[in-house]
Amino acid sequence: MEVQQVQIDFGRQKLIIDTGKIAKQANGAVRVQYGGTVVLVTACASKEPKEGINFFPLTVEYQEKTYAAGRIPGGFFKREGRPSEGEILAARLIDRPCRPLFPEGMTNEVQIMAMVLSSDAEYDPDILALIGASTALSISDIPFNGPVGACRVGMVEGQFILNPNYEEREKGTLDLVVAGTEDNVIMLEGNAKEVDEKTLLSAVKFGHDNLKISIKLQKDLVKLCGEKKMEVELKTYDKELFNKVRKLSEERFNAIFKLAKKEGREEAVEFLGKELIKELVPADLPESDRKKSEGEIKTVLVEVEKELVREFTLKSDKRIDGRSRTDIRPITCEIGVLPRTHGSSLFTRGQTQSLAVTTLGTRNDEQMIEALEGETFKTFMLHYSFPPFSVGEVGPVRGPGRREIGHGALAEKALKAVMPEKDKFPYTVRVVSEILESNGSSSMASVCAATLSLMDAGVPIKEPVAGVALGLITEKNKTLILTDISGLEDHFGDMDFKIAGTKNGVNVIQLDLKVQGVGMDIISQGLDDAKKARMEVLQKMLAVIAKPKETLSDLAPRITTLMINPEKIGELIGPGGKTIRKIIQNTGVTIDIEDDGSVLIASTDAKAAEKAIEIVKSLTEEVQVGKVYTATVKRIVPFGAFCEILPNKEGLIHISELASEYVRSVEDVVKLGDKIKAKVIGIDELGRINLSKKQAEE
């Protein structure tokens, strides 16, 4: 294959894509460059469909090589290990817009791999990886209904920026990724700082208009070197069997849909499947044929249920659980549900329930993030946990999966915008959302529960945050947007549109689709519906706790911030850290020192904290002329007494300043070790301190 390259202006840099030089054994491979950032993306597919599955086996891997930024990995092994949280989120960002564009029924394994080869620490490689994935698939022989275009939209001082750099994203009020085809939006992912719905919709339009630039570039490359698509066997179900199963089960499904609880419906559907197998599979069928027939019936039954759910929802004024299109499931909120935590809450919406627990820590608890753009520290973390019992199942308990990391990151972004500044609230805050029950929209339940938990802990968040998920069902000419979707509507629907924010605006938005895109009208209506629902949820939450508690839990550490002269930091630390270690050992507190002279003292013991504060103050206090100190006599000389007024700070009381009357001998007035009152009457140009006992007494 000849080397082919295309390029186009895309924001402030040129977007360059080339192929045919490296990784030539992959079905498709491209190198994408933007500024000094280069990403290699490959796409490979198996020749034959995978047996025994009824889903599309797509896997996406995203790797940031540390050599890309001219660094060697930390740790013992000195090589890249398992994916970081950021890499997992980037892989999900690639997966979500590409997955709906593969042919329905395809079961050939497809793997997309993105490797960051060079990083200028200015532009995030994730957009390049997404564009590269679409390009690699488009020029390959893998069936794909792309291309997908993508861009990032920032907003600084009310102006939209195409593909903002890291600095602009940090100081801006919006950071939004838009992915789509030429006609429709297929994926949204972004966080904001209470941005109103009208501005957000304009940002989506701005992004969709500009992502077409990357689509044009991909089409240009396909014209140069695109391959003919391979023929793949698409998994379909027997239409005759489908009609037979539908006829036998339709009435029973209508009865099942009336059951109030999810687990009751699931048991009834399972029982229905067994009944259908008895009715439709001959008893004398050979074992291998019998198993095949049973599998076909189960697959078809799922398709029948899907069709009936969608038909029921579109034709009826009511949804499966009896709600109207915009109704929210019943909500209950509680706070302070755990006695020994710093803050806790229980948020229940229908059969989705989140237990959120807030823990306050010190600077020592900050999370260090090593990424290509540099080293950063997180003072706020939200972790999402999804145990198998939450859906009534038995399953292995391992580390967090990609879904858990994705949901936790989404909820964290929703709350990050309202967290207090570090200088006003010098705590490290961790919130854990334990999903105890799940029947749709557990990530948005986590946002609500976390807000209640933070307020229960006394964290002074700027505004309470609530979230809701919307769904979509489209058939021919009819479209229906559903507010607060349940698990069934999520599973059989076409959209999962999550929006969270405050009463003032949106903090986070995430759109995932199973169809090949939606128009601006759907996004606009979704934003409006979500705002109404958010206000209703916030009202329920504020009825339980209207604002953050005035005081922290007695179990939480108290952090006191002192400001000292930065030149005194060395004295406080002492040689080899000896002084500060001694303070910590004697008081049991935690001490953090910043370069600007901020000293943070944290302890759950008020007396210990007071003792440490007193010691730090005495070690770093500047001697003030005119102030009276408690002095300790350290040395006596014929002309006076040297006294310590602060740690390592001595001054001289001249014999003439010991008393009002004549003093024949210093020892007639003071002796070694005596504690006396002494006033600072002067500091000479050499820094020598002059004291007076008689003036202190006067």
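This report describes charged residues, cysteines and backbone features in a predicted model.

## Salt bridges

Side chains of opposite charge can pair when their charged atoms come close. The structure contains 45 salt bridges, and three of them are described here.

In one of these pairs, Arg99 bonds with Asp95, and their closest N and O atoms are 2.9 Å apart. Arg99 is partly exposed, because its relative accessibility of 32% is not under 20% and not over 50%. Asp95, with a relative accessible area of 17%, is buried. A second pair consists of Lys693 and Glu697, whose side chains meet with a distance of 2.4 Å from N to O. Both residues belong to helix H15 (residues 693-697), where they stand four residues apart, about one turn of the helix. Lys693 is buried at 11% relative accessibility, whereas Glu697 is exposed at 53%.

## A link across the chain and a network

Arg323 forms a salt bridge with Glu489, with 3.7 Å between the closest N and O atoms. This pair connects distant parts of the chain, as the two residues are 166 residues apart. Arg323 lies in the loop between helix H7 (287-315) and E11, and Glu489 lies in helix H10 (residues 487-492). Are these two partners buried or exposed? Arg323 is buried, because its relative accessible area of 7% is under 20%. Glu489 is also buried, with a relative accessible area of 5%.

Both residues belong to one network in which salt bridges share partners. The members of this network are Arg319, Asp321, Arg323, Arg329, Arg349, Asp484 and Glu489.

## A negative surface patch

Glu263, Glu266, Glu267, Glu393 and Glu437 form a negative patch on the surface. Helix H6 (residues 262-280) supplies the largest share of this patch, namely three residues.

Glu393, another residue of the patch, is located in the loop between strand E16 (380-385) and helix H8 (402-416). Glu393 counts as exposed because its relative accessibility of 51% is over 50%.

## Cysteines

A disulfide is a covalent bond between the sulfur atoms of two cysteines. How many disulfides does a search of the whole structure find? The search finds zero. Cys448 takes part in no disulfide, and the nearest cysteine sulfur, which belongs to Cys333, is 7.5 Å away. A disulfide requires the two sulfur atoms to be within 2.5 Å, so the distance from Cys448 to Cys333 does not meet the cut-off.

Cys448 is buried, with a relative accessible area of 0%. Cys643 is buried as well, at 0% relative accessibility.

## Prolines

Gly146 and Pro147 are joined by a cis peptide bond, with omega at about 5°. Pro147 is situated in the loop between helix H2 (125-139) and strand E7 (149-156).

Pro339 occupies the loop between strand E11 (331-335) and strand E12 (343-349). Pro339 is exposed, with a relative accessible area of 72%. Although Pro339 and Leu555 are 216 residues apart in sequence, their C-alpha atoms are 9.8 Å apart in space.

## Positive phi angles

Lys78 has a phi near 60°, a positive value in a residue other than glycine. Lys78 lies in the loop between strand E5 (58-64) and helix H1 (85-98). With a relative accessible area of 48%, Lys78 is partly exposed.

Glu194 is not a glycine, yet its phi is positive at about 55°. Glu194 belongs to strand E10 (residues 185-195) and counts as partly exposed at 26% relative accessibility.

How values were computed
Residues numbered from 1 in each chain as written. Predicted model: local features only at pLDDT ≥ 70, side-chain atom pairs only at ≥ 80, totals over all residues. Heavy atoms only, no water. Patch = residues over 30% accessible without salt bridge, like charges linked within 9 Å, V, L, I, M, F, W, Y side chains within 5 Å. Areas by Shrake-Rupley, 256 points an atom, 1.4 Å probe, with all protein chains shown as cover. Salt bridge = Lys/Arg side-chain N within 4 Å of Asp/Glu carboxyl O. Lys, Arg positive; Asp, Glu negative; His and termini not counted. Charge placed at Lys NZ, Arg CZ, Asp CG, Glu CD. Buried < 20%, exposed > 50% of the residue type's maximum accessible area, 1.4 Å probe, protein only.
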